[in-house]
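Thank you all for coming; today I would like to talk through the charged side-chain pairs in one structure. Please keep the sequence and the model in view as we go.

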Amino acid sequence: GVGEVYFTRISAAGVKLGADVRVTTSALQAQHPELRWLGADYALAWQELDVAPPHELRLLALDGSGDA
């Protein structure tokens, strides 16, 4: 959907590994995703835009497959 965040694994050669995993499920629009590898898992942060500020900041831990 519009304004959603998906996780996709890519090999060192740039080949897509597996299917896209939808990470966000909120009705609010997600923007500005940031992904960091932590050595065994990922940390994913993004901002959810509500009708009026303050907007929500979300943080999610993902395993190497993109599962929460």
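Let me begin with the criterion, since the count depends on it: a salt bridge here is a side-chain nitrogen of Lys or Arg within 4 Å of a carboxyl oxygen of Asp or Glu. What we are looking at is a predicted model, and by that rule the count comes to 4 salt bridges. I will go through some of them, including the pair formed by R22 and E4.

In that pair, the side chains of R22 and E4 meet with an N to O distance of 2.9 Å, and the contact links distant parts of the chain, with R22 in strand 2 (residues 16–22) and E4 in the segment before strand 1 (6–10), 18 residues apart. As for exposure, R22 has a relative accessible area of 43% and is therefore partly exposed, whereas E4, at 18%, counts as buried because the cut-off for buried is under 20%.

Another pair joins R58 to E48, with 3.2 Å from N to O, and this contact too links distant parts of the chain, since R58 lies in strand 5 (residues 56–62) and E48 in strand 4 (residues 42–49), 10 residues apart. Is each partner buried or partly exposed? R58 is partly exposed, at 34% relative accessible area, while E48 is buried, at 4%.

Finally, I turn to E34 and R36, whose side chains meet in a salt bridge at 3.4 Å, again N to O. Here E34 is partly exposed, with a relative accessible area of 42%, and R36, at 48%, counts as partly exposed as well.

Note on methods:
Residues are numbered from 1 along each chain as its sequence is written. This is a predicted model: local features need pLDDT of at least 70, side-chain atom pairs count only at pLDDT 80 or more; totals for chains, interfaces and linings use all residues. Side-chain values use heavy atoms; hydrogens and water are left out. Helices (H or I, at least four residues) and strands (E, at least two) are DSSP runs, numbered from the N terminus. Buried means under 20% relative accessible area, exposed over 50%, partly exposed in between (1.4 Å probe, protein chains only).
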